[in-house]
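User: I have a model open on my screen and would like to learn how to read it. Could you take me through it step by step?

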Amino acid sequence: VQLQASGGGLVQPGGSLRLSCAASGNIFEINQMGWYRQAPGKEREMVATISTGGSISVANSVKGRFAISRESSKNTMYLQMNSLKAEDSAVYYCNALITTRALLMEPFWGQGTLVTVSS
């Protein structure tokens, strides 16, 4: 199983970016998916998660600015980030709890995509 994250880049404060995470490989079912981020010198933190049924959790620090969604038919998850701030700068990782075709449920991580918010 592979998770491919994309969409990061350099953006000015107040700008927007949309991250994507596509899952591929030995997949029977994708359960919960989520975005996490890690800034230099800080612990990795949850940004937002979305369950198979569409239940969403969002960190207080991004509530009202970021929106998570998923397109199950494409095994893809998105993070729409608006009103970006310098403190949003980090490497963003996607995570998915996946049931493989062997019916084993395992967590998988993408490779990370860098978001830099700077003028």
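Analyst: Happy to! Let's begin with a term: a residue is called buried when its relative accessible area is under 20%, exposed when that area is over 50%, and partly exposed in between. Please keep in mind that this is a predicted model. By that cut-off, buried residues make up 43% of the 119 residues in the protein.

User: Which secondary structure elements does the protein have, and in what order do they run?

Analyst: The protein has zero helices and 11 strands. Read from the N terminus, the order is β-β-β-β-β-β-β-β-β-β-β.

User: How do I judge whether the protein is as compact as a globular protein of its length?

Analyst: The idea is to set the radius of gyration against the value that the globule rule gives for the chain length. Here the radius of gyration is 14 Å, close to the 14 Å expected for 119 residues, so the protein is as compact as a globular protein of that length. You can also look at the extents: along its principal axes, the C-alpha trace spans about 50 × 25 × 25 Å.

User: What share of the contacts joins residues that are 24 or more positions apart?

Analyst: Contact here means heavy atoms within 4.5 Å. Among contacts with a separation of 6 or more, 55% are between residues 24 or more positions apart.

User: And what does the surface look like in terms of area and charge?

Analyst: The accessible surface comes to about 6300 Å², and carbon and sulfur atoms account for 49% of it. As for charge, there are 10 positive and 7 negative side chains, with the centres of the two sets 5 Å apart.

User: Let's go inside. What is a nonpolar core, and how many residues are in the largest one here?

Analyst: A nonpolar core is a set of buried residues of certain types, such as Leu, Met, Trp and Tyr, joined through side-chain atoms within 4.5 Å. The largest one in this protein has 31 residues, and those with the most contacts inside it are Trp35, Leu79, Met81 and Tyr92. Elements that give two or more residues to this core include strand E1 (2-6), strand E4 (29-38), strand E8 (76-81) and strand E9 (90-99). E9 provides the largest share, five residues.

User: Let's take Met81 as an example. Where is methionine 81 found, and is it buried or exposed?

Analyst: Methionine 81 is found in strand E8. Its relative accessible area is 0%, so methionine 81 is buried. Setting aside neighbours within four places in sequence, methionine 81 is in contact with Gly15, Ser16, Leu17, Leu19, Arg65, Phe66, Tyr92 and Val115. One of these, Tyr92, is also named with Met81 among the residues with the most contacts inside the core.

User: What about glutamine 80, just before it in sequence: where is its place, and how accessible is it?

Analyst: Glutamine 80 has its place in strand E8. With a relative accessible area of 27%, glutamine 80 is partly exposed. Its contacts beyond four places in sequence are Ser16, Leu17, Arg18, Arg65, Phe66 and Ala67. Glutamine 80 and serine 16 are 64 residues apart in sequence, but their C-alpha atoms are 7.5 Å apart in space.

User: Which residues is glutamate 29 in contact with, leaving aside its neighbours in sequence?

Analyst: Beyond four places in sequence, glutamate 29 is in contact with Leu97, Ile98 and Thr99. Glutamate 29 lies in strand E4 and counts as partly exposed at 37% relative accessibility. From glutamate 29 to methionine 105 the C-alpha distance is 8.9 Å, with their positions 76 residues apart in sequence.

User: Now the loops. Which residue could I look at as an exposed one?

Analyst: Try lysine 63, which is exposed, with a relative accessible area of 52%. Lysine 63 lies in the loop between strand E6 (56-58) and E7.

User: And what is there to see in the backbone of asparagine 75 and serine 83?

Analyst: Look at the sign of phi. Asparagine 75 has a positive phi of about 50° although it is not a glycine, and serine 83 has a positive phi of about 50° without being a glycine. Asparagine 75 sits in the loop between E7 and E8, while serine 83 is found in the loop between E8 and E9. Asparagine 75 is partly exposed at 26% relative accessible area, and serine 83 is partly exposed at 40%.

Technical notes
Residues numbered from 1 in each chain as written. Predicted model: local features only at pLDDT ≥ 70, side-chain atom pairs only at ≥ 80, totals over all residues. Heavy atoms only, no water. Buried < 20%, exposed > 50% of the residue type's maximum accessible area, 1.4 Å probe, protein only. Helix = DSSP H or I, 4+ residues; strand = E, 2+ residues; numbered from the N terminus. Rg over C-alpha atoms; globule rule 2.2 N^0.38 Å. Areas by Shrake-Rupley, 256 points an atom, 1.4 Å probe, with all protein chains shown as cover. Lys, Arg positive; Asp, Glu negative; His and termini not counted. Charge placed at Lys NZ, Arg CZ, Asp CG, Glu CD.
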